[in-house]
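Work through the exercises below with the model open beside the text. Each task is followed by a solution in steps.

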Amino acid sequence: MTSSSSSRRGVALLLLSFLVLAYRAPVAAGGNAASDFEEDGMSPKFPGCDNPFKNVKVMYWVDGNEMNALTGITARFGGVLPVTASATQKLPAVVPSPRTGCAKDTKLAGSIAVAERGVCTYLEKASAVDSSGATAMLLVNDKNALEMMACTQNDKVPDLKIPIVLVSNSSGLKIFSAIDGGAKVNILMYTPTKAAFDGAIPFLWLMAVSTTACAAVWTTVVVGEENKKPPPAAGDQEAPAEPEIVELEAKTAVLFIVVSSCVLLFLFFFTSIWSAWLLVIMFCFSGLQGLHFVTSSLIVRVFKCGDAKVKLPLIGNVTVVTLAVLPVALFVVVMWATHQSSAFAWVGQNLMGICMMILVLQIVQMPNIKVASALLISAFLYDIFWVFISPLIFKKSVMITVAKGTEEGPSLPMVLKMPKEFDVWNGYDMIGFGDILFPGLLVAFSFRYDRSHGKGLTDGYFLYVMIGYAFGLSFTYVGLYLMKSGQPALLYLVPCTLGTITLLGAQRGELSQLWNAKA
């Protein structure tokens with residue numbers, strides 16, 4: 001086994017070990033976007049305590065410099081915030097004395113009180129701040145999460161005029177630290193409405209479908225069947241005699257889902273910044289390999305220069321293609337890693353992710369639909385359990401909790417994403433790598449099967465499985481629109497892809513061949 005094939009094998013296994021930890025829902029909040037809150041149907045409603053829970057965009061300025069907006073949630077009681085920024089104004093932020101806001105403080109007049117949670121109830125804080133002449137209260141939670149501020153049947157709700165908003169502990173500490181440091185802080189809060197149309201979804205759909213199709217035909221169309229020597233992986237001395245294929249087995253596919261579930265639980269109970277950064281480092285390494293492979297393949301195909309080598313001290317023979325491509329690929333990776341908070345970081349992340357998935361689908365293969373059934377059905381059940389059933393056991397969705405990560409650390413990079421159009425939250429539409437790679441393995445198999453059995457576009461399976469994938473992804477977005485919440489894409493993709501090739505094979509009398517094929 002050559003060092004190059006070992007490198008690509010390592011990249012594939014590395015990615016497959018954590019790709020299912022990526023966002024399962026294709027559309028999710030990203031960056032400083034807000035998650036939609038729904039009525040819990042349990043907290044009581046009565047006059048004075050019947051406001052709907054709404055997301056709040058909390059904009060703030062430190063010494064005149066606008067900072068990244070925070071996300072909050074309104075209370076069941078109190079005044080109502082406007083829906084546009086132009087309908088309100090920024091006001092000075094003042095910390096009451098005591099900081100919990102449980103007592104009247106005249107210095108709060110005309111300001112937004114920023115208080116800590118604790119000591120007294122929500123209603124007692126709101127009443128004290130309201131009587132102090134404040135225009136609103138921003139309450140900082142003692143947990144790194146947002147919680148619904150409701151009433152109980154025994155509460156006597158005072159006539160509150162001011163809006164009450166709660167933010168997470170990490171968000172509130174940003175404001176506290178600025179005020180405690182002597183800076184002048186101003187705050188503006190409003191509850192923007194969600195845009196009826198999201199123009200980013202068609203582009204994200206096209207990106208996912210194109211990546212899946214491109215990866216399936218890459219070896220034939222780009223590398224060329226006459227060229228069995230793909231360009232060496234980054235840093236290799238010699239080109240391999242032939243690429244090494246990691247062929248999945250049915251038992252390996254099922255074991256992979258079991259191990260992934262254990263890792264998912266570990267991250268659920270021990271979510272931390274270091275685990276998020278570990279995924280970022282792994283993504284950078286895999287992205288570098290993907291960029292090198294894809295770019296080198298294109299250059300070799302166009303210029304026919306794959307065999308030209310130079311000898312470097314301490315390294316040995318290195319292809320000219322690697323010398324030209326690797327520094328550029330490394331530059332892209334480093335720029336993305338150091339500018340993840342940039343407004344255009346999604347471009348680099350998508351480029352790295354697409355190249356990585358193309359590389360993985362050249363190395364990892366499913367030989368038949370028996371293995372495909374084991375992997376995709378297991379992943380199908382994995383999605384359903386950890387998204388929909390896990391809240392019954394763990395009080396909240398394990399998948400969604402892990403996907404959100406921590407506010408302090410980086411967001412998980414294992415997604416393709418596009419900025420949402422017309423979105424005041426500056427969020428993203430996303431699709432997890434797993435929602436491309438898992439069905440992509442079946443799409444790639446169908447293409448190889450058609451080639452090895454002399455089938456054309458219309459009498460083969462590749463075209464119909466690709467159409468099934470496109471429809472499955474479309475159904476995912478329809479489900480997202482109707483249910484108003486993120487959807488596990490494999491819930492729709494598995495029936496539309498695996499179901500398509502199974503039914504078509506049965507109709508043609510070729511199901512047994514597909515089940516036991518070696519493609």
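**Exercise 1.** Is Cys102 buried, partly exposed or exposed?

Solution. The model is a predicted one, in which local features need pLDDT of at least 70, side-chain atom pairs count only at pLDDT 80 or more, and totals for chains, interfaces and linings use all residues. Residues are numbered from 1 along each chain as its sequence is written, and side-chain values use heavy atoms, with hydrogens and water left out.

Step 1. Take the classes: buried means under 20% relative accessible area, exposed means over 50%, and partly exposed lies in between (1.4 Å probe, protein chains only).
Step 2. Cys102 has a relative accessibility of 25%, so Cys102 counts as partly exposed.
Step 3. Apply the classes to its partner, Cys120: the value is 15%, and Cys120 therefore counts as buried.

**Exercise 2.** Find the disulfides and place them in the chain.

Solution. Step 1. A disulfide is a covalent bond between the sulfur atoms of two cysteines. The search criterion is a pair of cysteine sulfur atoms within 2.5 Å, and 2 disulfides are found in the whole structure.
Step 2. One of them joins Cys102 to Cys120, with an S to S distance of 1.9 Å. Cys102 is in the loop between β4 (91-94) and β5 (112-116), and Cys120 is in the loop between β5 and α2 (122-131), 18 residues apart. Helices (H or I, at least four residues) and strands (E, at least two) are DSSP runs, numbered from the N terminus.
Step 3. The link of Cys102 and Cys120 is left-handed, with -90° about the S-S bond.
Step 4. Cys49 and Cys151 form a disulfide as well, their sulfur atoms 1.9 Å apart. This pair links distant parts of the chain, 102 residues apart: Cys49 sits in the loop between α1 (3-16) and β1 (55-62), and Cys151 in the loop between β6 (136-140) and β7 (164-167).
Step 5. The torsion about the S-S bond of Cys49 and Cys151 is about 100°, so this disulfide is right-handed. Both Cys49 and Cys151 are buried.
Step 6. Counting bonded cysteines along the chain gives the pattern 1-4, 2-3.

**Exercise 3.** Why does Cys214 not bond to Cys355?

Solution. Step 1. Find the closest cysteine sulfur to that of Cys214: it belongs to Cys355 and lies 9.2 Å away, which is too far for a bond.
Step 2. Check the exposure of Cys214: a relative accessibility of 29% makes it partly exposed.

**Exercise 4.** Trace the network of salt bridges that includes Arg117.

Solution. Step 1. A salt bridge is a side-chain nitrogen of Lys or Arg within 4 Å of a carboxyl oxygen of Asp or Glu. The structure holds 8 of them.
Step 2. Arg117 and Asp142 meet in one, at 3.7 Å from N to O. Arg117 lies in the loop between β5 and α2 and Asp142 in the loop between β6 and β7, so the pair ties together parts that are 25 residues apart in sequence.
Step 3. Lys143 forms a salt bridge with Glu147, with 3.3 Å between the closest N and O atoms.
Step 4. Arg117, Asp142, Lys143 and Glu147 are linked in a network.
Step 5. Read off the exposure: Arg117 is partly exposed at 27%, Asp142 is partly exposed at 49%, and Lys143 is partly exposed at 46%.

**Exercise 5.** How are the rings of Phe268 and Phe269 arranged, and how those of Phe283 and Phe433?

Solution. Step 1. Rings of Phe, Tyr and Trp (its six-membered ring) pair if their centres lie within 6.5 Å; planes under 30 degrees apart count as stacked, over 60 as edge-to-face and the rest as tilted. The search finds 11 aromatic pairs.
Step 2. The ring centres of Phe268 and Phe269 are 5.0 Å apart and the planes stand at 75°, so this pair is edge-to-face.
Step 3. Phe283 and Phe433 are 6.1 Å apart, centre to centre, with 35° between the planes, and form a tilted pair. Phe283 lies in helix α6 (residues 273-303) and Phe433 in the loop between β14 (428-432) and α11 (434-452), so the pair ties together parts that are 150 residues apart in sequence.
Step 4. Phe283 and Phe433 are both buried.
Step 5. Phe268 and Phe269 belong to one aromatic cluster with Phe385, Trp386 and Phe394.
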